[in-house]
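Visitor: I should like a close look at a single part of this structure, with the surroundings explained as far as they help. Please take me through the aromatic residues and then place them in the wider chain.

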Amino acid sequence: MTTDTPIRLSQLSHGGGCGCKLAPSVLRELLAGQPVAQAFPDLLVGTETADDAAVYRVSDDLAVIATTDFFMPMVDDPHAFGRIAATNAISDVYAMGGRPIMALAILGMPIDKLPPEMIREILDGGRSICAEAGIPVAGGHSIDSLEPIYGLAVIGVVHPDKLRRNADARPGDVLILTKGLGVGIYSAAIKKSALDEAGIAEMIGSTTLLNRIGADLADDPAVHAITDVTGFGILGHGLEVARGSGARVVIDRAALPLLTRAEELAEAGFVTGASHRNWAACGAEVTLPEGLADWQRHLLTDPQTSGGLLVAVAPEAAEATLARIRAAGYPLAAIVGRIEEGDGITVA
């Protein structure tokens with residue numbers, strides 16, 4: 001296959017990255033009435049609290065983590081797309097406090113539109129991230145599809161006592177976010193050719209940074225809950241923590257770490273459709289500051305692809321935990337809120 005026009009992966013799909021996820025309200029409707037996990041006592045984590053991965057206890061000191069994640073391109077470079085998709089998929093294991101051991105590739109490609117060498121670059125990008133994580137891509141499955149799709153099914157392991165759910169935050173806990181927000185806004189700008197090379201490089205750098213710190217934090221009993229912030233934005237995933245934990249999440253808007261141009265681009269109107277869907281799904285349970293501009297709200301509902309971890313930690317350990325995260329290679333990590341008695345989310 002040959003073409004004189006450069007192929008832009010981001011133009012071959014109707015959405016990109018975790019912005020492709022079904023709206024939270026649609027997902028809840030689809031999962032309503034699913035069998036309860038109580039019939040399987042060794043299933044430690046299922047669908048009940050919309051956690052990041054399934055976890056099954058094999059023995060008293062071993063549990064298996066299983067997850068799958070795939071999406072359409074939000075960048076044009078095929079190698080970078082593969083790296084981003086793989087980083088995002090592996091993150092679910094780290095968010096449970098586990099360590100990945102193996103991955104399987106999920107590939108759907110419009111073979112009449114993409115040359116084989118471009119598809120190989122996507123696969124090579126995914127393999128390179130798996131190599132960074134110290135795991136093999138041990139197989140997979142591929143189909144001919146209308147839009148390009150790539151991701152991984154990932155298997156990990158964790159000691160049951162070190163498992164970290166999204167539903168175990170406690171009133172008084174401090175919330176730490178390990179990466180900057182704004183990935184969806186940047187991807188919207190890329191789709192419209194409005195993001196410069198420096199911005200693209202910044203986004204790729206963030207979305208290909210493995211969340212391996214999650215496995216290390218699980219060794220600390222002061223860390224009570226972990227989740228990763230992806231397609232539902234900080235509000236959507238924060239609300240999952242609130243619901244699962246039976247508590248209220250308070251977000252300090254001014255403390256949220258952001259990618260360099262996130263505010264500028266959001267104010268200019270670079271917003272994904274997923275941001276609107278996220279607000280429609282969670283807005284009834286969110287209290288915002290009076291007079292907050294729509295573009296500022298979009299920063300809170302912006303879908304993150306391969307976003308950071310949201311960590312709930314005991315208050316006396318918060319500063320030391322933040323320092324540990326930053327020292328591990330997450331310079332934008334910040335204390336962004338707290339857990340209180342109550343329900344829903346308050347943005348201060």
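Guide: Phe81 is buried, with a relative accessible area of 0%; the model in which it appears is a predicted one. Phe81 and Tyr150 form an aromatic pair of the edge-to-face kind, with 6.3 Å from centre to centre and 75° between the planes. Because Phe81 belongs to helix 2 and Tyr150 to strand 6 (residues 149-158), this pair ties together parts that are 69 residues apart in sequence. Tyr150 is buried, as is Phe81.

The structure holds two aromatic pairs. In the pair of Phe71 and Phe81, the ring centres are 6.3 Å apart and the planes stand at 40°, so this pair is tilted. The angle of 40° falls neither under 30 degrees, which would count as stacked, nor over 60, which would count as edge-to-face. Phe71 lies in strand 3 (residues 62-71) and Phe81 in helix 2 (residues 78-95), so the contact between the rings ties together parts that are 10 residues apart in sequence. Phe71 is buried, and its relative accessible area is 4%. Phe71, Phe81 and Tyr150 together form one aromatic cluster.

Burial can also be followed in helix 4. Helix 4 (residues 183-191) is mostly covered, since eight of its nine residues are buried. Among the buried residues are Val183, Ile185, Tyr186 and Ile190. The cover over the buried residues of helix 4 includes helix 5 (197-207), helix 8 (262-267) and helix 10 (294-301). Ser187 is also part of helix 4. Ser187 has a relative accessible area of 12% and is therefore buried, the cut-off being under 20%. Apart from neighbours within four places in sequence, Ser187 is in contact with Met74, Met203 and Thr272. Just after helix 4, Ser193 takes a positive phi of about 55°.

A further buried residue is found in helix 11 (residues 318-327), where Thr321 lies. The relative accessible area of Thr321 is 4%, so Thr321 is buried. Residues up to four places away in sequence being left out, Thr321 touches Ile176, Leu217, Asp220, Val223 and Val313.

These details belong to a protein chain whose secondary structure comes to 11 helices and 13 strands. Of the 348 residues in the protein chain, 53% are buried. For that number of residues a compact globule would have a radius of gyration near 20 Å, and the 19 Å of the protein chain agrees with this. Along the principal axes, the C-alpha atoms fill a box of roughly 60 × 55 × 45 Å. Among contacts with a separation of 6 or more in the protein chain, 87% come from residues 24 or more positions apart. The protein chain exposes about 14,400 Å², of which carbon and sulfur atoms supply 55%. Its side chains include 26 positive and 43 negative ones, and the centres of the two sets lie 0 Å apart.

Technical notes:
Residues numbered from 1 in each chain as written. Predicted model: local features only at pLDDT ≥ 70, side-chain atom pairs only at ≥ 80, totals over all residues. Heavy atoms only, no water. Helix = DSSP H or I, 4+ residues; strand = E, 2+ residues; numbered from the N terminus. Rg over C-alpha atoms; globule rule 2.2 N^0.38 Å. Buried < 20%, exposed > 50% of the residue type's maximum accessible area, 1.4 Å probe, protein only. Contact = heavy atoms within 4.5 Å. Areas by Shrake-Rupley, 256 points an atom, 1.4 Å probe, with all protein chains shown as cover. Lys, Arg positive; Asp, Glu negative; His and termini not counted. Charge placed at Lys NZ, Arg CZ, Asp CG, Glu CD. Phe/Tyr/Trp six-rings, centres within 6.5 Å; stacked < 30°, edge-to-face > 60°.
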